[in-house]
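I opened a fresh page for this one and kept my notes short. Here is what I looked up, in the order I went through it.

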Amino acid sequence: MAEDMHQSTPTIHGEQLNADGTQKAQDRVNNRSLRPNSDSFKEFMTSGWDNQEPQIEPLESSKYTPARLEALGKRFPGERLVIPAGQPKVRNNDCDYAFRPDTTFAYYTGLGQDYEAGAVLVLEPVQAGSDEEAAGKTHIPQLFVAPRADNSTAAFYKDPHYGEYWVGPRAGLKELKAMTGIETRDIAELDDAIAKNVSDDNSAAESVRVRIVRES
């Protein structure tokens with residue numbers, strides 16, 4: 001009886017390897033999915049870091065943005081204005097080009113280079129009869145941003161975009177409010193905030209028209 005010389009292909013975690021036991025090139029992009037998930041690993045990754053909070057100072061531009069926002073709001077009374085900063089562009093693999101926010105976003109928030117990819121500025125129209133309307137305001141500016149992914153969260157090392165293990169300390173809600181003087185909210189609340197009181201035909205009495213400034 002002839003001997004069966006067939007040998008099975010080596011595998012690891014269900015992936016087929018090369019004949020010499022090395023990982024196939026097309027599978028190497030999946031290495032992050034093999035990250036350890038044990039409690040000891042999580043504790044190791046999030047402990048022993050310096051938790052000192054940096055001093056945050058208002059930006060020089062924050063002196064000028066209130067007047068800019070007021071002028072913009074007066075042009076579109078009763079409308080909800082949405083101004084996105086834009087998203088980073090991938091250079092290669094998980095490396096992005098240096099981020100520059102949309103010009104309109106930068107002008108009305110005072111934030112320049114590196115601040116803040118994925119953020120969205122919303123000018124919320126004041127309610128009729130409110131104290132804000134009585135004070136002559138047309139809108140309340142709100143800056144929607146991602147919270148910090150510091151070492152108190154698993155996103156610290158799991159999130160390659162916001163995780164501070166990868167990108168270093170970054171400004172979150174508290175920091176950006178101090179820098180810009182604009183009220184900040186979690187980016188997770190953005191969809192509900194934009195869709196609030198919006199109808200398909202704008203026929204409802206309380207319906208709000210949404211005007212979105214597209215990314216350039």
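My entries below go from the whole chain down to single residues.

**Entry 1: what kind of model, and how sure**

I started with the basics: this is a predicted model. I looked up the confidence, and the average pLDDT is 84, with 82% of the residues scoring at least 70. Next I checked the start of the chain. Over residues 1–6 the pLDDT stays under 50, and the model has 0 contacts there beyond four places in sequence. Where pLDDT is low, the predicted coordinates should not be read in detail. I therefore leave the fine detail of such places alone.

**Entry 2: the whole protein**

I counted the elements next and noted 8 helices and 9 strands. How much of the protein is buried? I found that 32% of the 216 residues count as buried. The exposed area comes to about 14300 Å², and carbon and sulfur atoms supply 49% of it. I also looked at the contacts with a separation of 6 or more: residues 24 or more positions apart account for 58% of them.

**Entry 3: strand E7 and its partners**

I then followed strand E7, residues 139–145. Is E7 mostly covered or mostly open? It is mostly covered, as 5 of its 7 residues are buried. I looked for its pairing partners and wrote down two. Strand E6 (residues 120–125) pairs with E7 in the antiparallel sense, over 6 bridges. Within that pairing, I matched Val-122 with its bridge partner Gln-142 in E7. Strand E8 (residues 183–186) pairs with E7 in the parallel sense, over 4 bridges. Here I traced Leu-143 to its bridge partner in E8, Thr-184.

**Entry 4: a glutamate in helix H7**

I moved on to Glu-175, which lies in helix H7 (residues 173–180). Buried or exposed? Glu-175 counts as buried because its relative accessibility is 5%, and the cut-off for buried is under 20%. I asked which residues it touches, leaving aside neighbours within four places in sequence: the contacts are Glu-53, Ile-56 and Arg-148.

**Entry 5: Ala-155 and helix H5**

I found Ala-155 in helix H5 (residues 155–158). At 28% relative accessibility, Ala-155 counts as partly exposed. Beyond its neighbours within four places in sequence, Ala-155 is in contact with Ala-149 and Gly-163. I also checked the spacing to Tyr-165, 10 residues along the chain, and the two C-alpha atoms are separated by 8.9 Å.

**Entry 6: a nonpolar patch**

Tyr-165 came up again when I looked over the surface. Which residues join it in a nonpolar patch? They are Trp-49, Trp-166 and Val-167, and the four together have about 410 Å² of accessible area. I placed Val-167 in helix H6 (residues 164–167). Val-167 counts as partly exposed because its relative accessibility is 42%.

**Entry 7: a positive phi**

My last stop was Asn-197, in the loop between helix H8 (190–195) and strand E9 (209–212). I noted its phi, near 55°, a positive value in a residue other than glycine. Most residues other than glycine have a negative phi, so I marked this angle for a second look. With 43% relative accessibility, Asn-197 counts as partly exposed.

Key:
Residues are numbered from 1 along each chain as its sequence is written. This is a predicted model: local features need pLDDT of at least 70, side-chain atom pairs count only at pLDDT 80 or more; totals for chains, interfaces and linings use all residues. Side-chain values use heavy atoms; hydrogens and water are left out. Patches are made of residues with over 30% relative accessible area and no salt bridge: like charges are joined within 9 Å, nonpolar side chains (Val, Leu, Ile, Met, Phe, Trp, Tyr) within 5 Å. Accessible areas come from the Shrake-Rupley method with a 1.4 Å probe; for residues, only the protein chains shown count as cover. A salt bridge is a side-chain nitrogen of Lys or Arg within 4 Å of a carboxyl oxygen of Asp or Glu. Helices (H or I, at least four residues) and strands (E, at least two) are DSSP runs, numbered from the N terminus. Buried means under 20% relative accessible area, exposed over 50%, partly exposed in between (1.4 Å probe, protein chains only). Two strands pair if DSSP finds at least two bridges between them. Contact means heavy atoms within 4.5 Å. pLDDT is the predictor's confidence in each residue, from 0 to 100.
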